[in-house]
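Q: Could you walk me through this structure, starting with the overall make-up and then turning to the charged side chains?

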Amino acid sequence: MRSTLFILTFIAFSAMPAQAQGPVMTFEVTTIDYGTIEKGADPMRHFKFTNTGNEPLIIKSAKGSCGCTVPTYPQEPIMPGESANIDVRYDTQRVGNFNKQVTLTTNETESTHTLTIKGEVKAPPTQESVPAGNGGLKQ
């Protein structure tokens, strides 16, 4: 009797339609490594994502972990199946290693995502000063 009840309960739940999943933001990558770049190099990187859910995705905010990391994001809803980018600009005038985060807030059930950019900005090589003329030698 118990096994019959269990089987009927299992069949009833299996036959129920799945609950609506809502919007789902799916990224190709969540970390971008700039590698080693020179001071003043291209500051922009793009995080591509797709709304793999079944409702429009709304990005409410995108905040960089400091003023040197500036994200921009689509202001309009991203429809199911559509793709878009979160563009992140890092201040490549700052020499040294960096590891920065961008926090996104959306209308998903799990409403936040964290994106990471990292790398190293090297100062351009300095030119050694070369003496003018004959190098100060008497002729």
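The chat below goes from the overall make-up to the salt bridges.

Q: What kind of model is this?
A: This is a predicted model, in which local features need pLDDT of at least 70 and side-chain atom pairs count only at pLDDT 80 or more, while totals for chains, interfaces and linings use all residues. Residues are numbered from 1 along each chain as its sequence is written, and side-chain values use heavy atoms, with hydrogens and water left out.

Q: How many helices and strands are there in the protein?
A: The protein has 1 helix and 8 strands, where helices (H or I, at least four residues) and strands (E, at least two) are DSSP runs numbered from the N terminus. From the N terminus on, the order is α-β-β-β-β-β-β-β-β.

Q: And what share of the residues is buried?
A: Of the 139 residues, 27% are buried, meaning under 20% relative accessible area, with exposed being over 50% and partly exposed in between (1.4 Å probe, protein chains only).

Q: Switching topic, how many salt bridges are there?
A: The count comes to 3 salt bridges, each being a side-chain nitrogen of Lys or Arg within 4 Å of a carboxyl oxygen of Asp or Glu.

Q: Which residue pairs with D42?
A: D42 meets R45 in a salt bridge, with N to O at 4.0 Å, and R45 is buried at a relative accessible area of 18%.

Q: What about D91, which residue does its side chain meet?
A: The side chain of D91 meets that of R94 at 3.4 Å, N to O; D91 is partly exposed at 21%, and R94 is partly exposed too, at 44%.

Q: And which residue forms a salt bridge with E120?
A: That is K122, with the closest N and O atoms 3.5 Å apart; E120 is partly exposed at 23%, and K122 is partly exposed at 40%.
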